[in-house]
Amino acid sequence: MKRENSDIFFTVQQQPVVGFDSGVEAANKKMLTRYSKTKELYLGIVNVNYRVVENEEILFPLQSAMQDFFPNTDTIQIKDTLLKNGAVCWTQYIFPEISSFVETNSNHKTEFCLRIILKNTFDRSGAITMFMGDIDKFCANGMISGTFDLTKQRHTKRFDPDVFTRALAETYPRYEEQIKKYQNYAEIDVNKDKVKELLRVLTITPEETEGKNLLYNKLYDQFEEEVYHRGSNLFALTSAMTSYGSHFTERFPHKKTSNEGTLLNRQEKVKRWLSSPAWQNFLEAA
């Protein structure tokens with residue numbers, strides 16, 4: 001594995017929260033900091049029962065387990081990102097030798113590469129989360145595109161690093177299975193009128209009326225864009241749906257207060273669509 005010089009394996013310091021003027025100690029709170037060269041950097045204030053999970057507690061066992069589950073781990077590229085003084089940490093594992101192409105009937109090729117991303121925080125902004133799958137775009141602000149599985153653990157005394165290492169065992173087989181499904185979808189043509197009706201059924205609610213700003217119209221516009229590149233097939237349709245759940249765009253905007261949680265909620269919605277009776281009926285008729 002190739003990791004550039006990284007400061008991600010820092011030690012977290014824990015100390016009481018005390019008023020500067022009054023000297024009064026805050027009940028049930030503690031402050032987390034870390035040292036960087038000659039400076040002490042603030043990370044966050046958390047509850048006293050908050051379990052500090054240092055990055056090496058997760059990453060060292062994870063990297064060791066990768067040697068058991070993946071071929072030629074020497075080529076794995078590792079990229080670490082520290083945000084907010086290290087209060088938010090991201091580590092990407094990129095597998096350049098585990099990549100696949102999906103080719104449509106229009107001869108368009110899409111490349112997918114296996115990636116695993118681990119997020120850890122020290123400011124109560126989120127759980128420890130591992131993203132695994134055919135991730136094709138990642139930004140450290142939490143915008144991730146592609147198809148992936150999630151494994152999460154909270155910062156509690158029940159934290160178990162083996163939960164993440166066990167999840168690795170299923171990553172490669174699921175990745176291969178997903179690519180085979182994409183290739184199958186790429187070879188199945190779909191009727192555009194039926195696609196629009198499916199999207200309407202999946203997304204419209206009884207309270208809504210027809211209108212150009214409804215979600216199913218935006219999804220159909222995204223589908224048309226995918227068709228331009230990939231052809232009118234099931235792969236283009238699933239790409240349009242996962243696009244909604246994977247990143248913010250002008251077509252699928254977000255509020256200023258939106259964050260990673262908004263995308264995760266969208267991804268859960270897309271998963272419900274793809275496991276719904278309406279979707280299954282569409283597949284059978286395709």
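On a 1 Å grid over the protein atoms alone, a cavity is a set of points where a 1.4 Å probe fits but cannot get out, and a lining residue has an atom within 4 Å of a point. This is a predicted model, where local features need pLDDT of at least 70, side-chain atom pairs count only at pLDDT 80 or more, and totals for chains, interfaces and linings use all residues. Residues are numbered from 1 along each chain as its sequence is written, and side-chain values use heavy atoms, with hydrogens and water left out.

**Exercise 1: Take stock of the chain**

Task: find how many helices and strands the chain has, and what share of its residues count as buried.

Solution:
- Step 1. Helices (H or I, at least four residues) and strands (E, at least two) are DSSP runs, numbered from the N terminus. Here you get seven helices and nine strands.
- Step 2. Buried means under 20% relative accessible area, exposed over 50%, and partly exposed in between (1.4 Å probe, protein chains only). Of the 286 residues, 44% count as buried.
- Step 3. Now picture the box: along the principal axes, the C-alpha atoms fill roughly 70 × 50 × 30 Å.

**Exercise 2: Look inside the cavity**

Task: work out which residues line the largest cavity, and which elements give two or more of them.

Solution:
- Step 1. Get the volume, which is the space filled by probe spheres set on the grid points, with points joined across faces, edges and corners. The largest cavity comes to about 30 Å³, and the structure holds one cavity of 30 Å³ or more.
- Step 2. Read off the lining: Ile8, Asn55, Ile58, Leu59, Cys89, Trp90, Thr91, Leu118 and Asn120.
- Step 3. Sort by element. Helix 1 (55-69), strand 6 (88-103) and strand 7 (109-121) each give two or more residues to this lining.
- Step 4. Zoom in on Cys89, which lies in strand 6. With a relative accessible area of 1%, Cys89 is buried.
- Step 5. List its partners, where contact means heavy atoms within 4.5 Å. Leaving aside neighbours within four places in sequence, Cys89 touches residues including Ile8, Asn55, Leu118 and Asn120.

**Exercise 3: Follow strands 5, 6 and 7**

Task: find how many bridges join strand 6 to strand 7, and which residue in strand 7 partners Thr91.

Solution:
- Step 1. Two strands pair if DSSP finds at least two bridges between them. Strand 6 and strand 7 run antiparallel and are joined by 13 bridges.
- Step 2. The bridge partner of Thr91 in strand 7 is Leu118.
- Step 3. Check the turn: the hairpin of strand 6 and strand 7 has five residues between the strands, and Asn107 takes a positive phi near 70°.
- Step 4. Go to the other pair. Strand 5 (residues 77-83) meets strand 6 in the antiparallel sense over seven bridges, with Ile78 facing Tyr93 as its bridge partner in strand 6. Four residues sit between strand 5 and strand 6 in their hairpin, where Lys84 has a positive phi of about 55°.

**Exercise 4: Why do two strands have a free side?**

Task: explain why one side of strand 2 and one side of strand 4 are left without a neighbour in the sheet.

Solution:
- Step 1. Write down the order: three strands form an open sheet, 2-3-4, with antiparallel pairing.
- Step 2. Strand 2 (12-18) and strand 4 (39-47) stand at the edges and have a single partner strand each, so one side of each has no neighbour in the sheet.
- Step 3. Take one pair apart. Strand 2 and strand 3 (residues 25-36) share six bridges; Pro16 stands opposite Lys30, and Val18 opposite Glu25.
- Step 4. Their hairpin has six residues between the strands, and Gly23 in the turn has a positive phi of about 75°.

**Exercise 5: Find the core**

Task: name the residues with the most contacts inside the largest nonpolar core, and the helix that gives the most to it.

Solution:
- Step 1. A nonpolar core is a set of buried Ala, Val, Leu, Ile, Met, Phe, Trp, Tyr and Cys residues joined through side-chain atoms within 4.5 Å. The largest has 63 residues, and Met66, Tyr93, Phe95, Ile116, Phe223 and Leu237 have the most contacts inside it.
- Step 2. Helix 2 (residues 162-186) gives the most, with eight residues.
- Step 3. A second, separate core of eight residues includes Val88, Trp90, Ile117 and Phe148.
- Step 4. For contrast, try Tyr228 in helix 4 (residues 215-230): Tyr228 is exposed, at 71% relative accessible area.

Notes:
1 Å grid on protein atoms, 1.4 Å probe; cavity = no way out; pocket = protein on both sides within 12 Å on 5 of 7 lines; lining within 4 Å.
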